[in-house]
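Hello,

Here is the structure I promised to pass on to you. Have a look at it first, and then read my notes below.

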Amino acid sequence: SLALLLSIANLSSSVAEEITSRSITVSAIGTEEATPDAIKLMFSVTGKASTNKVALANSNKVANSVRVLLKKELIASNDINSSNLYTSPEYKYDEKSKESKLTGYTANQNFTITLRNVSKSGELVDKIVDLGKESIMISGIQPIVLDKSATVKKARVLAVKEAREKADHYAQLLNVSIDKVLTLSESSNSYPIMPVYRSEAVASFDQSTNLDLGVQEITVSIT
């Protein structure tokens with residue numbers, strides 16, 4: 001939270017001699033909306049085979065093909081994050097023998113990609129799925145605001161304005177005057193807002209993937 005600590009000039013000189021200073025602590029929040037400028041795309045690549053080694057090789061083949069595609073689409077290497085690489089055996093329960101029998105192996109690796117060209121993000125999702133077919137599973141997307149600086153500044157102005165108004169009101173109620181700001185601390189957060197959808201009549205259905213950015217609230221808090 002953002003803290004604004006204001007010293008109070010005492011009206012009574014006798015009290016001033018006894019207490020060198022007094023203060024009021026107020027809290028305030030400033031909020032501004034920002035349109036996301038990037039999308040995080042999460043997906044997994046799976047390979048299956050009768051042996052662990054081949055399952056991993058199959059997964060790697062598709063994953064490396066996706067990396068080539070991402071490079072071709074000008075996705076920077078630091079915007080590509082791979083994680084949770086693992087392999088596991090697959091079993092099937094046999095009703096006759098009442099036992100679980102090994103049927104093969106599955107290899108899986110997860111990717112998180114930051115897509116900065118949001119206008120082409122849906123098209124890229126389609127390309128990734130078309131490349132990997134059933135080996136690719138999309139697990140989610142997350143619109144994000146990479147450059148928050150301008151919106152944070154606007155939210156900060158609102159937070160400080162509200163804090164000052166609160167401090168002035170308290171000073172009026174207490175019949176004291178504001179001297180100066182002693183300390184100030186700040187924190188900021190962003191929160192997604194559920195988008196409002198609008199339906200329109202169209203001549204034909206577009207089967208391509210479209211990703212909606214919505215808006216996010218950027219808040220600056222003071223206490």
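L74 is exposed, with a relative accessible area of 75%; exposed means over 50%, buried means under 20%, and partly exposed is in between (1.4 Å probe, protein chains only). You will find L74 in the loop between α2 and β4 (80-94). Helices (H or I, at least four residues) and strands (E, at least two) are DSSP runs, numbered from the N terminus. L74 has a phi near 65°, a positive value in a residue other than glycine.

Before you go on, please note that this is a predicted model, in which local features need pLDDT of at least 70 and side-chain atom pairs count only at pLDDT 80 or more, while totals for chains, interfaces and linings use all residues. Residues are numbered from 1 along each chain as its sequence is written, and side-chain values use heavy atoms, with hydrogens and water left out.

N175 also has a positive phi, near 60°, and is a residue other than glycine. It lies in the loop between α4 and β7 (177-185) and is exposed, at 56% relative accessible area.

Just before N175 comes α4. This helix has 26 residues and reaches 37 Å from its first C-alpha to its last, close to the 38 Å expected at 1.5 Å a residue (the expected span is 1.5 Å times one less than the number of residues). Its buried residues are T151, V152, A155, A159, A163, A167 and A171. An α-helix has 3.6 residues a turn, so residues three or four places apart point the same way.

Y170 is found in α4 (residues 149-174) too, but is partly exposed, at 45%. Together with L173 and L174, Y170 forms a nonpolar patch on the surface with about 340 Å² of accessible area. Such patches join nonpolar side chains (Val, Leu, Ile, Met, Phe, Trp, Tyr) within 5 Å, from residues with over 30% relative accessible area and no salt bridge (a side-chain nitrogen of Lys or Arg within 4 Å of a carboxyl oxygen of Asp or Glu). The areas come from the Shrake-Rupley method with a 1.4 Å probe, and only the protein chains shown count as cover.

Now to the inside. The largest nonpolar core (buried Ala, Val, Leu, Ile, Met, Phe, Trp, Tyr and Cys residues joined through side-chain atoms within 4.5 Å) has 16 residues, and F43 and I113 are among those with the most contacts inside it. α2 gives the most to this core, with five residues. A second, separate core of 15 residues includes V152, A159, A167 and V220.

Enjoy exploring!

Terms used
Patches are made of residues with over 30% relative accessible area and no salt bridge: like charges are joined within 9 Å, nonpolar side chains (Val, Leu, Ile, Met, Phe, Trp, Tyr) within 5 Å.
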